Amino acid sequence: MIGDLYLHNSFSREKERFVPVHAPHVGLYVCGPTVYGDPHLGHARSAITFDLLFRYLKFSGYKVRYVRNITDVGHLEDDSDSGDDKLLKKARLEQLEPMEVAKYYTDRYHDMMDLLNVSRPSIEPNASGHIMEQIEMVQQILDAGYAYTVNGSVYFDLVKYNSQYRYGQLSGRVIEDLLSSTRDNLEAQDEKRNSIDFALWKKAQPEHIMRWKSPWSEGFPGWHLECSAMGRKYLGEKFDIHGGGMDLLFPHHESEIAQSQIANSAPPCQYWMHNNMITINGQKMGKSLGNSIMLEEFLKGNHPLLERAYTPMSIRFFILQAHYRSALDFSNTALQAAEKGLSRLLKAVDTLNTLKPSNVSSVDISSIEKDCFAALNDDLNSPVAISVLFDGVRIINSVNEGKETLKKEDIEALKKLYSIALFDILGLKKEEKTNSELTGYLIQFVLDLRQKAKANKDFATSDKIRDELNSLGITVKDTKDGTVWEM
Ligand code: ZN
């Protein structure tokens with residue numbers, strides 16, 4: 001399997017054969033969440049996309065070190081230079097320590113990702129725990145002459161950088177256009193030499209709680225810096241794959257490239273991968289538009305745009321049914337279709353386990369495995385892989401109905417394929433019963449035991465079971481149609 005994988009490299013804009021720098025080891029860095037709010041559907045898409053990559057690389061025989069950071073040093077996503085601190089605002093609003101806010105939302109993120117069956121990364125570094133490494137990198141960029149200090153803050157000189165290395169190659173941005181479009185937007189940027197320069201270090205305002213000592217001022221690192229510094233620390237100066245959402249392409253990843261180019265004399269990675277965004281009923285998702293649906297709301301169904309609750313696995317399957325580079329539009333209809341599709345697939349896996357083998361196979365199943373892996377090797381084309389698995393479902397069902405036959409080896413091959421593709425690689429699983437379903441199941445089980453005791457004329461036991469259930473608030477009534485219970 002090793003050597004067959006082709007990935008779309010955002011940098012070259014081409015599909016390239018994946019060749020790791022130090023095979024069989026692969027270094028993967030993905031920009032993780034900023035922990036000042038609850039995770040929404042967009043978080044799920046990025047996490048599931050790179051979970052698929054992580055799982056598939058491991059399945060293909062690579063040893064993967066997957067680093068995904070936690071941004072707990074606040075910043076404004078669009079303008080990391082304004083010094084505005086979302087985490088800090090939230091802490092003030094909720095009267096908490098900033099670290100309390102960060103811990104709370106980190107836990108929330110983990111809980112939600114666990115429900116979606118997203119594997120935890122190998123290392124999950126916090127920006128706040130790597131201030132030393134970030135200061136060291138700022139110093140290297142200053143020493144190289146590509147940054148300057150103003151009033152205790154340090155800025156990256158993008159115009160100087162552009163004269164040596166072309167800036168904007170990843171996103172296709174051109175520095176002259178960026179300069180002309182930002183020239184009039186000098187509010188809070190008057191310290192900078194050029195409107196597009198970005199902060200490597202910001203001097204903290206008096207009200208700023210999260211601050212660290214540095215050679216330049218008491219302050220905090222610029223947002224782009226943490227990924228460059230932590231990627232280098234855990235994966236080396238040049239690693240294999242850097243991933244993230246498409247919204248991070250510019251300016252975050254462009255800035256990371258510039259920082260690494262100066263500090264390490266090389267861009268940070270071989271391949272850049274970006275997952276596309278999720279729209280809601282055709283509209284961009286955003287808090288201001290009121291259509292940002294949190295993952296917890298999906299699970300409870302308590303958002304005005306949701307017709308009902310959805311299970312974590314339907315959300316995961318819905319996301320995997322689109323290629324990671326395509327836009328994905330949420331609608332209740334689409335999610336319900338995904339839910340139906342998933343249950344059809346899982347039912348077929350159960351059917352597969354009960355199929356009776358014949359002496360000969362009337363259908364050729366060899367193309368299913370071949371086509372499924374060919375799709376995954378083709379830039380992780382999960383929708384095509386899933387459609388191939390659905391072709392298999394049709395065969396499984398017609399064998400079950402006696403219209404086709406499969407010999408033992410073919411049934412075993414299909415069992416192995418579905419177990420690997422569906423559960424190990426796509427990361428789907430049979431959903432566990434909800435608490436109320438489980439309670440109902442357990443009560444029924446206990447009542448069956450009581451029925452057996454009664455049949456054996458062991459009335460002491462049957463009465464004890466009834467009394468115990470009563471004490472738990474469960475009333476048991478024996479009717480002529482059988483025993484009924486109520487909570
Ligand atoms: Zn990042």
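Residues are classed here as buried when their relative accessible area is under 20%, as exposed when it is over 50%, and as partly exposed in between, with a 1.4 Å probe and protein chains only. The model is a predicted one, in which local features need pLDDT of at least 70 and side-chain atom pairs count only at pLDDT 80 or more, whereas totals for chains, interfaces and linings use all residues. Residues are numbered from 1 along each chain as its sequence is written, and side-chain values use heavy atoms, with hydrogens and water left out.

The zinc ion has as its protein donors (N, O and S atoms within 2.8 Å of the metal, or 3.2 Å for Na, K and Ca; water is not among the atoms, so sites may look incomplete) the SG atoms of Cys-31 and Cys-227 and the NE2 atom of His-252, at 2.0 to 2.2 Å. Along the chain, these donors follow the spacing C-x195-C-x24-H. Cys-227 belongs to helix α7 (residues 223-235) and His-252 to helix α8 (residues 249-264), so the pair ties together parts that are 25 residues apart in sequence; helices are DSSP runs of H or I with at least four residues, numbered from the N terminus. Cys-227 is buried at 2% relative accessibility, and His-252 is buried at 1%.

The largest nonpolar core (buried Ala, Val, Leu, Ile, Met, Phe, Trp, Tyr and Cys residues joined through side-chain atoms within 4.5 Å) comprises 81 residues, with Phe-330 and Tyr-418 having the most contacts inside it. Helix α1 (residues 41-59) supplies the largest share of this core, 10 residues.

Methods:
Helix = DSSP H or I, 4+ residues; strand = E, 2+ residues; numbered from the N terminus.
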